[in-house]
Amino acid sequence: MLCLCCAAEMSAQKTVSLRVMSMNIRQGGEYAGNRSEPYSELINKYKPDVVALQEVDYKTTRNGKRDWLNEVAMQTGMFPYFCKSITYQGGGFGTALLSKYPFYKCEKTIFSHKDTREDRATGWIYVELPCGESVRFGVVHLSLETSPRKDTRECRETADACAHS
C-alpha cells in the first residue's frame with residue numbers, strides 16, 4: 001500500500017501545478033534486473049517534478065552493492081533522498097524521493113509495530129519551488145501484513161505525521 005502526502009505553505013492567491021509520479025520498483029527493481037536505466041527512461045519520458053519510490057535497495061547483495069537511487073538521480077538530473085526502513089543484505093531497503101528542485105530539508109519517521117516483520121519509514125523533503133513557495137512531499141510504503149486494526153493504525157500515524165509538520 002502506498003500513501004503520498006503533500007502539504008504546501010502557499011498563499012491563497014497563487015496556483016502552482018506540479019507533476020508527481022509514484023513507482024513501486026518491487027524488491028529493488030528486480031523486474032528490470034536491478035538496472036536503473038529502465039526507470040530513468042520512464043521518469044525522463046514523463047518529466048515529473050517529484051518521484052516517490054517504494055522498495056528501493058541501497059548497496060544490497062541482490063542489486064550488486066550498487067547505489068541505485070544515485071544512478072537514477074544522475075540519469076534524470078534530479079535530487080535524491082533515500083529513506084532507509086531496514087538493514088537488508090548488507091545495505092539498506094526503504095523508500096526514496098527524487099525532486100527536480102533542490103530540497104532544503106529532509107526528515108524520516110520510522111513506524112515500528114510488534115505485529116509486523118519489518119519497520120516502515122516515511123521520508124519527507126521540503127522543496128522551494130521557483131515561484132518562491134515551499135512544498136513538503138512524503139513517501140511511505142505501508143506494511144505488507146494486513147489486518148484492519150494495524151492498517152488503520154499505520155494510516156492514522158502517517159496522516160498525523162502529515163498534519164504535524
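How many residues lie between strand 4 and strand 5 in their hairpin, and which residue in the turn has a positive phi? There are 2 residues between these strands, and Q89 is the turn residue with a positive phi, of about 45 degrees. The legends below describe close-up views of a predicted model.

**View 1. Overall make-up of the protein.** The protein contains 4 helices and 8 strands. Read from the N terminus, its elements follow the order β-β-α-α-β-α-β-β-β-β-β-α. Of the 165 residues, 45% are buried. Among contacts between residues at least 6 apart in sequence, 66% connect residues at least 24 apart.

**View 2. The open sheet of 4 strands.** The strand order in this sheet is 2-3-5-4, with mixed pairing. Strand 2 (20-24) and strand 4 (79-88) are the edge strands; each has a single partner strand, so one side of each has no neighbour in the sheet. On average, neighbouring strands are turned by 20 degrees against each other, direction ignored. Strand 2 pairs with strand 3 (residues 50-58) in the parallel sense, over 5 bridges. Strand 3 pairs with strand 5 in the antiparallel sense, over 7 bridges. Strand 4 and strand 5 also run antiparallel and are joined by 9 bridges.

**View 3. Strand 2 at one edge of the sheet.** V20 of this view stands opposite V50, a residue of strand 3. In a regular strand, side chains alternate between the two faces of the sheet. In strand 2, M21 and M23 make up the covered face, while V20, S22 and N24 make up the uncovered one. Helix 2 (residues 37-46) packs on the sheet and touches strand 2, strand 3 and strand 5 (91-99). The direction of helix 2 makes about 160 degrees with that of strand 2.

**View 4. Strand 5 and its partners.** Strand 5 is mostly covered, with 9 of its 9 residues buried. On the strand 3 side, F93 of strand 5 is the bridge partner of D57. On the strand 4 side, T95 of strand 5 stands opposite C83. Helix 3 (residues 68-76) lies across strand 3, strand 4 and strand 5, and runs at about 165 degrees to strand 4.

**View 5. F82 and its surroundings.** F82 belongs to strand 4. With a relative accessible area of 22%, F82 is partly exposed. The cut-off for a buried residue is under 20%, so F82 does not count as buried. Leaving aside residues up to four places away in sequence, F82 touches V56, Y58, L69, G92, F93, G94, T95 and A96. F82 and L98 are separated by 16 residues in sequence, and their C-alpha atoms are 8.8 Å apart in space.

**View 6. Cysteines without a disulfide.** A search of the whole structure gives 0 disulfides. For C83, the closest cysteine sulfur is that of C106, at 9.0 Å, which is too far for a bond. The cut-off for a disulfide is a sulfur pair within 2.5 Å, so the 9.0 Å between C83 and C106 rules this pair out. C83 is buried, its relative accessible area being 1%. C131, in contrast, is partly exposed, with a relative accessible area of 37%.

**View 7. An aromatic pair between two helices.** The count of aromatic pairs comes to 5. One of these pairs is formed by Y39 and W68, with an edge-to-face arrangement: the centres are 5.4 Å apart and the planes make 75 degrees. This pair links distant parts of the chain, with Y39 in helix 2 and W68 in helix 3, 29 residues apart. Y39 and W68 are both buried.

**View 8. Charged side chains over aromatic rings.** K105 lies over the face of Y126, 4.8 Å from the ring centre. The charged end of R136 is placed over the ring of W124, at 3.6 Å from the centre of that ring.

How values were computed: Residues numbered from 1 in each chain as written. Predicted model: local features only at pLDDT ≥ 70, side-chain atom pairs only at ≥ 80, totals over all residues. Heavy atoms only, no water. Pairing = 2+ DSSP bridges. Axes fitted to C-alpha atoms, helices over the stretch in contact; angles between N-to-C directions. Contact = heavy atoms within 4.5 Å. Buried < 20%, exposed > 50% of the residue type's maximum accessible area, 1.4 Å probe, protein only. Phe/Tyr/Trp six-rings, centres within 6.5 Å; stacked < 30°, edge-to-face > 60°. Lys NZ or Arg CZ within 6 Å of the ring centre and 35° of its normal.
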